[in-house]
Amino acid sequence: MTNLNERICIIGGGPAGISAAMYLQKKGYTNYEIYEKLNKVGGKSYSPKIKVNGEERSYETGAIMGAITYHAVHEVEEFGGTSHADGPNMRRMYRDSSGKEIFPFDIKKNFSIRKTLGLLKLKKQMKKLVEIMNTKYKGYDCYGHRGVAQGRYSGLDKSVDNALNLIEGENPNLKDLALPFDQFCKLNGVEEVMRIWIGPYTSFGYGYFDEIPAAYVMKYLDTTTAIEFVNMRLWTWKDGTQSIYVNANKKLLHPAHLNTEVVKVVRPAEGTEGKIRVTIKDADGERVEEFDKLIVTTPLDYFAGYADAREEEKELFSKIIHEKYVDFIARFDENAGPTISGYIFDNMTYDRLGHAMVYYHRWEDLKGNCPSVVYALRNHLGSKDVSYDYTIDTMMKDMELCGFPVKERMFEQETYYCPHVSSKDYADGWYDKLEAMQGKQGTYYAGEIISFGDMEDTCAASKDIVTRFF
Ligand SMILES: Cc1cc2nc3c(=O)[nH]c(=O)nc-3n(C[C@H](O)[C@H](O)[C@H](O)COP(=O)(O)OP(=O)(O)OC[C@H]3O[C@@H](n4cnc5c(N)ncnc54)[C@H](O)[C@@H]3O)c2cc1C
């Protein structure tokens, strides 16, 4: 029975935590608290301000872009009064590993018969993929992974004309989505499409196609979103992605408690009544708060470390893999930086771990004076990680090769990125085991792992959980 007065603890004030609170509040729940260990909300949507030419503007160190398929994020935008209408454009160009400009998708530039035939093949396979995703893989296009390993789909719809409505059904072909994306493409005779998907997938830090189950790739980059990317119709936010969550947090009845870390969780034994005891640590020290329910939006593999995790939780969460994505904001000498974003395709393969894959130029009017964010991955399943220092050094050299020696690095960081499970664990029904645990001991699991590590899938996962369990 619904009890709108029950006390709910939300761990984490990132997109998942803020949107979970918003959806609870919209449903009439008023007794919730959000605990955020940092001094800001937004999590990996972090948009610090930097002064250039005497003017302060927002830059991005984490999430950057949205698309027409960002339905749940749009609900958070509307709630907080944020608009994406006036964000800067993100045009792009392409380079090879030596830093030279290339034109992989332009038939006229560096014309050759071979290139033309290659592009025609790509176009044909792209058309085929769109067709099979709508037919053979009908139902792939919802948020989350419930049932997929068993050939079912059940989740909020991502399609533009039925956004955020629950869809469910049977489709045995969906089991193919457990395959690594490269094998999935091979199985369906559409290997060429990886040339397109790799840009907004691997360079965005989400891993390599031989290690990531196709389910993650296709649920994030569904064919609509991929086509929006190709046509450069993605958008950004003027005050940064963080502003979406800062503004929404202000409209909450109970804004997030900042600088407040959850350090311990003790729940009543399974099947018994009682309160969940959450130890929080802030500037005043540690104290215990009591709750009826818990929504965990932070990494579940870490949750197992500070909570009274059951064996089944420890076992399941130990299977989570995450990417190690390194980035920094580069500053350049006067007028010596890029004037448009650059994608370095040669560096998006795992034999080039640690190399810069993309740099983002945000404000066109600042031309070569605009600080740009540079990104690299330093891990791949089955390869040895390259070191953090090597990665930074290599990224710096790559920027120099592109003609943009970096004068200063700001906000340098490595991120726990894109939590997921292997193809084997996916096929073994990892997500159905997680689903079976939802609600046990008053605990609900949300955040990136539930669907995919972008803002939209994360906010939609919060909506799904609030809709079904509260
Ligand atoms: C470089 C980069 C580029 C990206 N680009 C895009 C993009 O273009 N588009 C897009 O949609 N997404 C993008 N993303 C992904 C997006 O930012 C994430 O998927 C999203 O932020 C995940 O939200 P979350 O709330 O699940 O987790 P997080 O954002 O990680 O938030 C979790 C929060 O929990 C807090 N926390 C952790 N442990 C505790 C604890 N014990 N107690 C209290 N608080 C705790 C953390 O401080 C954090 O604030 C990008 C991310 C990065 C890093």
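Two residues are in contact if their C-beta atoms, placed from the backbone, lie within 7 Å. The views below show a predicted model.

**View 1. Helix 2 meets helix 14.** A72, V73 and V76 are the residues of helix 2 in this contact. Facing them in helix 14 are M455, E456, C459, A460 and K463. By class, the contact has six nonpolar and two charged residues. Polar residues are absent from the contact. Helix 2 covers residues 71–80. Its axis and that of helix 14 are 7 Å apart. The two helices pack at an angle of about 80°. Angles of 65 to 115 degrees count as roughly perpendicular, so helix 2 is roughly perpendicular to helix 14.

**View 2. The shell around the ligand.** The ligand has 35 residues around it. Of these, G12, G14, A16, G43 and A63 come nearest. Several elements give two or more residues to the shell. The helices that do so are helix 1 (15–26) and helix 14 (455–469). The strands that do so are strand 11 (261–266), strand 15 (321–331) and strand 19 (408–420). The shell is made up of 13 nonpolar, 14 polar and eight charged residues.

**View 3. Domain 1 against domain 2.** The domain assignment gives domain 1 as 8–44 + 242–320 + 424–469. It gives domain 2 as 112–230. Between their C-alpha centres lie 29 Å. In domain 1, 16 residues are in contact with domain 2. In domain 2, 18 residues take part in this contact. On the domain 1 side, helix 12 (423–427), helix 13 (430–437) and helix 14 each give two or more residues. Helix 14 supplies the largest share, with five residues. The residues of this side divide into seven nonpolar, three polar and six charged.

**View 4. An open sheet of four strands.** The strand order is 2-1-14-20. The pairing is parallel. Strand 2 (32–35) and strand 20 (443–445) stand at the edges. Each has a single partner strand, so one side of each is left without a neighbour in the sheet. From one strand to the next, the twist averages 20°.

**View 5. Strand 14 beside strand 20.** Strand 14 spans residues 293–296. Three bridges join strand 14 to strand 20 in the parallel sense. Within this pair, I295 stands opposite Y444 of strand 20.

**View 6. An open sheet of seven strands.** Here the order is 7-6-16-17-18-15-19. The pairing is mixed. The edge strands are strand 7 (101–102) and strand 19. Each of these edge strands pairs on one side only. Strand 15 and strand 19 also give residues to the shell around the ligand.

**View 7. Strand 6 beside strand 16.** Strand 6 runs over residues 92–95, and strand 16 over residues 341–344. The two strands pair in the parallel sense over four bridges. Y94 has Y343 in strand 16 as its bridge partner.

Notes: Residues are numbered from 1 along each chain as its sequence is written. This is a predicted model: local features need pLDDT of at least 70, side-chain atom pairs count only at pLDDT 80 or more; totals for chains, interfaces and linings use all residues. A residue is near a molecule or strand if its C-beta atom, placed from the backbone, lies within 6 Å of it. Ala, Val, Leu, Ile, Met, Phe, Trp, Tyr, Cys and Pro count as nonpolar, Asp, Glu, Lys and Arg as charged, and the others, Gly among them, as polar. Domain bounds come from an automatic or database domain assignment. Two strands pair if DSSP finds at least two bridges between them. Axes are lines fitted to C-alpha atoms, for helices over the stretch in contact, and angles run from 0 to 180 degrees between N-to-C directions. Angles under 35 degrees count as roughly parallel, over 145 as roughly antiparallel, 65 to 115 as roughly perpendicular and the rest as oblique.
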